[in-house]
Amino acid sequence: MRRGRLWAWIVFILGAAYFLLPLIATIQFSLSIRRGTLSLDAYTNVLQSPDFQQTLVYSFLVGIGAIVVGLLLVVPAAYFVRLRAPQLRPIIEFVTLLPLIIPPIILVFGYIRMYSSSSILPLTNSNIGTNILLTLAYVALALPYMYRAVDTGLRTIDVQTLTEAANILGANTITIMARVIFPNIIVAVLSGAFLTLAIVIGEFTIASLLNRPAFGVYMQNVGANRAFEPAALAVISFVITWAAMGMIQLLARFAPRTAALTD
Amino acid sequence: MSSSTDTANSGGAASVQTGAAPLRSPFAMFSGMRWADVVGVTPFLLFALLFLVVPTFYLVVSAFIGHDGSFTFQNIIDLGTPTIISSFWISIRISVASAALGVVFGLLIALAVIRGRLPSSLRSTLMTFSGVASNFAGIPLAFAFLATLGRLGLITALFKLFGFDIYRAGFNILSFWGLTITYCYFQIPLMILIIAPAIDGLRREWTEAAATLGASTFQFWRYVGLPILWPNLLGTLSLLFANAFGAIATAYALTGSSLNIVPIVLYAQIRGDVLNNPGLGAALALGMIVITAFANIIYLVIRTRAERWLK
């Protein structure tokens, strides 16, 4: 099998070159704002810019909002589908695929048409309304990942028994979900949350068309006007994405390993 | 199926086979559910209706409505301008090329790491990296490739050191190939993430059985490996196609509006909607919906078929 190993190494090294070279190039570019010497000035310019801080905080808050709203929608739906309404599963799963089928630009175009000033629900009329619309758009984007994460979490616990046990102890449905089911799937929920954050934090299309001061829009602005700062931004957002995905990996180690139900 | 057996079945929860039974009335689906179940599922379905289904449907309908509010095909006919046709054509070419390259190289890399007897630590590194890279799309990806293959990029500069100017040779990051190479940065990792479980599904016994029967490595892949992976490859191809077709942020940050792919034309149309023809925007959207939906349906159909083999 020596020959087999050789081709595998060649493919792997070529692949690694394709994926690592842009990262190296970006880091190198971000450091070369001063002619002839390496400096971190591009990073200090970016990090000290009030726009950077404000838009990053804004996108972060919208992301958190989308995660909370998403969980409030997804956890009860996934719980009841698993507990008593499996006949709804095909519908729910189809719905969670929709955001993958409909491109974001189509989604936001539809929102602009439907929720504009002359409609029944004129969300784009006010700042708050548009912020809510952006949050809901991100809920829609995150729906497939959120649902899958929660459903995977539910699969690893015995929903039936836990529910019955809690029922016998006198808990009502809301208590069961909040204090029995949710704590048991918190690891899965968190990994869905971090994935959502990774997707949402640099999102451009929807935020830009809704005229929101989001991080993605800010990055696009910098890209159109500066030379070296964009590279620094690319490195920063790569680190953010990596951190979010790293958290998911880390969380996977804490996931419960007692698979109660397999299906 | 009567509603009483329905109730009895759904009590058994997870083991019930769904979807197979023909539903007699639209409400049969909800039988056996308690009040709390309906309350629990309703917000989710309501959200999906208001923020996924209806907005899309609304666009589809308005593509067929003219200035005067009556039914018309004029908006669709208006798509026939050279600019719009060429934008669809370049979008389709970029999406096909980046999807095909993504499938081929993603498969090769996944095969190398999973079946090429490389150290197993490489595999987990690759999977983690793929998770990151497949989400590293949008604006920052454009910046990274400008720093790599732009006029002042590292690779461009390296080639120049050896006396070869890729820009003078006809390459441009703001072109079909430039965008295709950039898109591969998220297409290949997505392919790796999707195909890795399928490659794991190729059992060792099959390789051994083929070898026992005297098959060469080539024959194994030609008659066993690839036919089994084939539905997965085709399915992922259409998924990657849709993925590239709907993407806008990377192209927008990379090329501004110098490369008119469909999403960028639509973006410009939405921005200037007040001045231009609103029906035309909707018709453009309809075109995109039809193409991505078609690609995704192929993916879903093939995936359900492929899953049968990989249990």
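Two residues are in contact here if their C-beta atoms, placed from the backbone, lie within 7 Å. With that in hand, let us walk through this predicted model, beginning with chain A. Among its contacts between residues at least 6 apart in sequence, 75% join residues at least 24 apart. In chain B, the corresponding share for contacts between residues at least 6 apart is 74%.

What are these chains built from? Chain A has 12 helices and 0 strands, while chain B has 13 helices and 0 strands. If you follow chain A from its N terminus, then, you will meet α elements in the order α-α-α-α-α-α-α-α-α-α-α-α. The C-alpha trace of chain A spans about 75 × 70 × 30 Å along its principal axes. Of the 263 residues in chain A, 49% count as buried; for chain B, with 311 residues, the figure is 42%.

Now look at where the two chains meet. Chain A brings 76 residues to the contact and chain B brings 69 residues. On the chain A side, helix α1 (residues 2-30) gives the largest share, 17 residues. Sorted by class, that side of chain A holds 54 nonpolar, 16 polar and 6 charged residues.

From the interface we can move on to the largest nonpolar core, which has 175 residues. The members that touch the most others are Val74(A), Val108(A), Ala137(A), Ala142(A), Val150(A), Phe143(B) and Ala285(B). Helix α6 (residues 127-155) of chain A supplies the largest share of this core, 16 residues.

Phe143(B) is a good residue to click on. Leaving aside residues up to four places away in sequence, Phe143(B) touches Thr26(A), Gly223(A), Pro230(A), Ala231(A), Leu233(A) and Ala234(A), and also Ala253(B).

Helix α6 of chain A deserves a second look. At 1.5 Å a residue, the 29 residues of α6(A) should span 42 Å, and the end C-alpha atoms are 40 Å apart, which agrees. Where does α6(A) bend? The bend, of about 55°, is at Ala142(A), and a proline, Pro144(A), follows within four residues. Ala142(A) is also one of the core members that touch the most others.

Next, try helix α8 (residues 173-184) of chain A. Its 12 residues should span 16 Å at 1.5 Å a residue, and the end C-alpha atoms lie 15 Å apart, which agrees. Which residues of α8(A) are buried? They are Thr173(A), Ile176(A) and Ile181(A). These three cover an arc of only 50° around the axis, which puts them on the same side of α8(A). As a reminder, an α-helix has 3.6 residues a turn, so residues three or four places apart point the same way. On the face of α8(A) turned away from the buried side you will find the exposed residues Ile174(A), Ala178(A), Arg179(A) and Pro183(A).

Our last stop is in chain B, where Ala97(B) lies in helix α4 (residues 82-115). Why does Ala97(B) count as buried? A residue is buried if 20 or more other C-beta atoms lie within 10 Å of its own, and Ala97(B) counts as buried because it has 20 C-beta neighbours inside 10 Å. If you would like a distance to check in your viewer, Ala97(B) and Leu193(B) are 19 Å apart in space, C-alpha to C-alpha, and 96 residues apart in sequence.

Conventions:
Residues are numbered from 1 along each chain as its sequence is written. Chains are lettered from A and ligands numbered from 1 in the order in which they are written. This is a predicted model: local features need pLDDT of at least 70, side-chain atom pairs count only at pLDDT 80 or more; totals for chains, interfaces and linings use all residues. Helices (H or I, at least four residues) and strands (E, at least two) are DSSP runs, numbered from the N terminus. Ala, Val, Leu, Ile, Met, Phe, Trp, Tyr, Cys and Pro count as nonpolar, Asp, Glu, Lys and Arg as charged, and the others, Gly among them, as polar. The expected span of a helix is 1.5 Å times one less than its number of residues. A residue is buried if 20 or more other C-beta atoms lie within 10 Å of its own, exposed if 12 or fewer, and partly exposed in between; C-beta atoms are placed from the backbone. The arc is that of the directions from the helix axis to the C-beta atoms. A nonpolar core is a set of buried Ala, Val, Leu, Ile, Met, Phe, Trp, Tyr and Cys residues joined through C-beta atoms within 7 Å. The bend at a residue is the angle between axes fitted to the seven residues ending there and the seven starting there.
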